[in-house]
Amino acid sequence: MAAIGTDLNRFILEEERRYPNATGSLSLALTALETAAKIIASHVRMAGLADILGMAGRTNIQGEEVQKLDVLSNEIMVQHLSDSGYFYALASEELEEPVFPEKGKDGKYIIAFDPLDGSSNIDVNVNIGTIFSIHRKTHGGVEDFFQQGDRQVAAGYIVYGSSTMLVYSTGAGVNGFTLDPSVGLFLLSHPGMRLPERGKTYSLNESNYPGWEEGLRRYVDHLKEEGYTSRYIGSMVADVHRTLIKGGIFCYPSDHKNREGKLRLLYEASPMAFLVEQAGGMATTGKEEILKVRPKALHQRVPVFLGSRREIEELLRFL
Ligand code: AHG
Ligand code: MN
Ligand code: MN
């Protein structure tokens, strides 16, 4: 296992050396993502300030118009990933249709992403993130995005928290890197992340309780009786990050109003399910494994339940 403090670029290259047939293009694709993440992180750090500076004439000190951070993050992702040439197609929460970059014609991969997750938390200085999911290019059209989650070649997220972290997996476990802002490098801080077998926390928006199905209501009542504690940030990245480290369960179920739940399969549920399973946990819609769901639409939603094995197994007995 790589040593704590190993720089992300070196780590990616060392991982690649373990696969003699690897061409290196996935490694380079991940490096393009890392750069985009660093640029977004620097904008997130300036978020409050940019707004204040922008208020006077709607422009900042560079004379640029001040943009909403989720729009800006989307532009940074699209531009960097397109220019890298490694991606044949890109799908984003912020774009109705996929983008097929001119420079990506020979790209072997496609990527779906949520450029800024938890964006309602920006104004109150609470953790936000970026989520990504990478598959191989297959036919060369929009249907390439309709591959199951268990076919992901890489998935991960960046959490802009008290420090910035990048957590990802290429299918051989999950590793977390913390950005050292003084040198601008992501350094290995959380090697081989594993969810505890069982946790002490449940995480979901309990204001939706009246709209849940009966089984879920009984399950959450049961967790309270068992002495569980509740933690809910309202940024999926931050809530899943805590769940990966501390265990327990995170849910965004369906309710009377949102029959399919709220979270999007391709760039929220599926990459997070991949990470959680790679870290020894489980992820389900309540009816089937999230990684086995056959996508039908780019922005499709699914109910999400993920976390430690014991909690998910128990939940399934209630549903
Ligand atoms: P986004 O900011 O990308 O639209 O995602 C918001 C999502 C997700 O981050 C979070 O888990 C969920 O919305 C919170 O929803 P509620 O406010 O309904 O709890
Ligand atoms: Mn989101
Ligand atoms: Mn978003």
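In this predicted model, the largest share of the shell around ligand 1 comes from strand β2, which supplies 3 residues. The shell as a whole contains 15 residues, of which Asp117, Asn205, Tyr232, Met236 and Tyr252 come nearest to the ligand. When the shell is sorted by residue class, it is made up of 5 nonpolar, 5 polar and 5 charged residues. Domain 1 (8–190) and domain 2 (201–318) each contribute at least three residues to the surroundings of ligand 1.

Several polar contacts to oxygen atoms of ligand 1 can be described individually. A polar side-chain atom of aspartate 114 is placed 3.0 Å from an oxygen atom of the ligand, while serine 119 brings a backbone N or O atom to 2.9 Å from a ligand oxygen. For methionine 236, a polar backbone atom is found at 2.8 Å from an oxygen atom of ligand 1. On its own, ligand 1 has 470 Å² of accessible area, and the protein covers 80% of it.

Aspartate 114 also takes part in metal binding, since it bridges the manganese ion (ligand 2) and the manganese ion (ligand 3), which are 3.7 Å apart. The protein donors of ligand 2 are Asp114 (OD), Asp117 (OD) and Glu268 (OE), at distances of 1.9 to 2.1 Å from the ion, and along the sequence these donor residues follow the spacing D-x2-D-x150-E. Because aspartate 117 belongs to strand β2 and glutamate 268 to helix α7 (residues 265–278), this pair ties together parts of the chain that are 151 residues apart in sequence. Aspartate 117 and glutamate 268 are both buried.

At the other manganese ion (ligand 3), the protein donors are Glu93 (OE), Asp114 (OD) and Leu116 (O), which lie 2.0 to 2.3 Å from the metal. The arrangement of these donors along the chain is E-x20-D-x1-L. Glutamate 93 sits in the loop between β1 (87–92) and β2 (109–117), whereas leucine 116 is part of strand β2, and the pair, 23 residues apart, links distant parts of the chain. These two donors can also be described by their accessibility: glutamate 93 counts as partly exposed because its relative accessibility is 26%, a value that falls between the limits of 20% for buried and 50% for exposed residues. Leucine 116, by contrast, has a relative accessibility of 1% and therefore counts as buried.

Notes:
Residues are numbered from 1 along each chain as its sequence is written. Chains are lettered from A and ligands numbered from 1 in the order in which they are written. This is a predicted model: local features need pLDDT of at least 70, side-chain atom pairs count only at pLDDT 80 or more; totals for chains, interfaces and linings use all residues. Side-chain values use heavy atoms; hydrogens and water are left out. Donors are N, O and S atoms within 2.8 Å of the metal (3.2 Å for Na, K and Ca); water is not among the atoms, so sites may look incomplete. Helices (H or I, at least four residues) and strands (E, at least two) are DSSP runs, numbered from the N terminus. Buried means under 20% relative accessible area, exposed over 50%, partly exposed in between (1.4 Å probe, protein chains only). A residue is near a molecule or strand if one of its heavy atoms lies within 4 Å of it. A polar contact is a pair of N or O atoms within 3.5 Å; within protein, one must be able to donate a hydrogen and the other to accept it, and residues adjacent in sequence count only if both atoms are side-chain atoms. Accessible areas come from the Shrake-Rupley method with a 1.4 Å probe; for residues, only the protein chains shown count as cover. Ala, Val, Leu, Ile, Met, Phe, Trp, Tyr, Cys and Pro count as nonpolar, Asp, Glu, Lys and Arg as charged, and the others, Gly among them, as polar. Domain bounds come from an automatic or database domain assignment.
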